Amino acid sequence: MGPIILDGKSLAKGMEPPLAERAARIRERRGRAPGLATVMVGDNPASAMYVRMKGNACRRVGVEPVRIDMPEGSTTAEVIGAVERLNADPGVSGILLQHPLPRHVDEMACFNAISVAKDVDGVCVSSFGMAAMGMEGHRSATSLSIVSILRHYGIPIEGREAVVVGRSPILGKPVSMLLLNENATVTICHSRTVGLPDVVRRADIVVGALGRPRFIKADWVKEGAVLVDAGYNEGNVGDIDLENAAAKSSAYTPVPGGVGPMTIMQLISQTVRAAEMVLGIG
Ligand code: NAP
């Protein structure tokens, strides 16, 4: 039997009808759909494409996409100002600050300006802390996508060795915390990790989260490991050399069609939840 394809795209599609029902109930109650605001600074084509995809997914489930485009030269203070206006806007239930911001902008300061209640991408320090402590709150959408895909397919996490390659604040660190909370034994790798191939060889679950095309090679992968590829690089390829490594795995997320579509739906799901919390329903 070949590996199981962890089909995030189908899972995400399946989330749409119940989310549309909840969004409709919110619209009835408050006379307005829940709004997901996306702040994009500059014109990075990949980011523009993600923002468009998120907007389309919002429309499919009756969430109102609110798009704020800011020029590349915007300062940290200007981005924080935009976030604060969205914090104060009752029509906006969730705020997404599209990563990466231009280098001169203090991304973490901008993330931290998002009110915790509207931080539906789970990027501010408080959201991270609540996730790490297993407290109620919004989660990093990509991390939630990964864990929910594993859960849906009944992939055992407890007691397993999980190796996460990448330690970014939006992905590597938060997914490591969620896997730890699921009782995996987690190793977090980064650019200074020594002997990365051997560390990856220990893994029952490998998470590629570094943004380097096909970087994790087939001969680093243990027979029967579960491969979760969060990477999305030019040419529609992930961070794991899935072409060669998938056959050794017991299950893997394809790229595209794995983690990405589920991330968008988790973002929208957390937006709907944020609107429900304000109304005291759900
Ligand atoms: P990032 O902020 O650039 O972080 C990359 C991480 O990878 C860093 O921690 C870095 O280590 C590590 N790294 C870089 N080169 C390495 C190497 N040679 N060996 C080991 N570790 C290395 O990237 P990101 O924003 O987390 O994104 C990572 C990937 O995920 C990208 O392909 C991105 O497109 C994708 N992504 C997908 C989704 C989704 O929903 N599907 C969402 C977000 C991101 P240091 O900390 O030591 O520099």
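Helices (runs of H or I in DSSP, at least four residues) and strands (runs of E, at least two) are numbered from the N terminus. The model is predicted, so local features need pLDDT of at least 70 and side-chain atom pairs count only at pLDDT 80 or more, while totals for chains, interfaces and linings use all residues. Residues are numbered from 1 along each chain as its sequence is written, and side-chain values use heavy atoms, with hydrogens and water left out.

**View 1. Helix H6 and its surroundings.**
Ten of the twelve residues of H6 are buried (under 20% relative accessible area; exposed is over 50% and partly exposed in between, with a 1.4 Å probe and protein chains only). The helix is therefore largely enclosed by the rest of the structure. The buried residues are Ala141, Thr142, Ser143, Leu144, Ser145, Ile146, Val147, Ser148, Ile149 and Leu150. They pack against three helices, H1 (8–30), H7 (172–181) and H10 (259–279), and two strands, S7 (205–208) and S8 (226–229); contact here means heavy atoms within 4.5 Å. Just after H6, Gly154 has a positive phi of about 65°.

**View 2. Ile146 and the largest nonpolar core.**
A nonpolar core is a set of buried Ala, Val, Leu, Ile, Met, Phe, Trp, Tyr and Cys residues joined through side-chain atoms within 4.5 Å. The largest one has 46 residues, and the members that touch the most others are Ile146, Leu150, Leu179, Val207 and Ile268. At least two residues of this core come from each of H1, helix H2 (45–61), H6, strand S5 (161–165), H7, S7, S8 and H10. H10 contributes the most, nine residues. Neighbours within four places in sequence aside, Ile146 is in contact with Leu171, Val175, Val207, Val228, Ala230 and Val259. Apart from this core lies another, of 20 residues, with Val200, Val206, Ala218 and Val221 among them.

**View 3. The six-stranded sheet.**
Six strands form an open sheet with parallel pairing, in the order S1-S9-S8-S7-S5-S6; two strands pair if DSSP finds at least two bridges between them. Strand S1 (4–5) and strand S6 (185–189) are at the edges. Each has a single partner strand, so one side of each is left without a neighbour in the sheet. Within the sheet, S5 and S7 run parallel and are joined by four bridges. Ala162 has Ile205 in S7 as its bridge partner.

**View 4. Strand S2 beside strand S3.**
Strand S2 (residues 35–41) is mostly covered, with seven of its seven residues buried. Gly35, Ala37, Val39 and Val41 are on one side, and Leu36, Thr38 and Met40 are on the other. Both faces of S2 are covered. S2 pairs with strand S3 (residues 64–70) in the parallel sense over seven bridges. One residue of S3, Arg67, stands opposite Thr38.

**View 5. Thr263 in helix H10.**
Thr263 belongs to helix H10. With a relative accessible area of 13%, Thr263 is buried. Its side chain reaches the backbone oxygen of Val259 at 2.9 Å. Not counting residues up to four places away in sequence, Thr263 touches Ala141, Thr142 and Ser145. These three residues are among the buried residues of H6.

**View 6. Leu19 in helix H1.**
Leu19 lies in helix H1 and is buried, with a relative accessible area of 2%. Leu19 and Ser269 are 250 residues apart along the chain, yet their C-alpha atoms are separated by 6.7 Å. Leaving aside neighbours within four places in sequence, Leu19 is in contact with Val61, Met265, Ile268, Ser269 and Val272. One of these, Ile268, is also among the residues that touch the most other members of the largest nonpolar core.

**View 7. Two cis peptide bonds.**
The bond from His99 to Pro100 is cis, with omega near 0°. Pro100 is in the loop between strand S4 (92–97) and helix H4 (107–113). A cis peptide bond also joins Val255 and Pro256, with omega about -5°. The loop that holds Pro256 lies between strand S9 (251–252) and H10.

**View 8. Two asparagines with positive phi.**
Asn183 is not a glycine, but has a positive phi of about 70°. It lies in the loop between H7 and S6 and counts as partly exposed, at 45% relative accessibility. Asn236 is not a glycine either, and its phi is positive at about 60°. Asn236 lies in the loop between S8 and helix H9 (242–245). At 40% relative accessibility, Asn236 counts as partly exposed.

How values were computed: A polar contact is a pair of N or O atoms within 3.5 Å; within protein, one must be able to donate a hydrogen and the other to accept it, and residues adjacent in sequence count only if both atoms are side-chain atoms.
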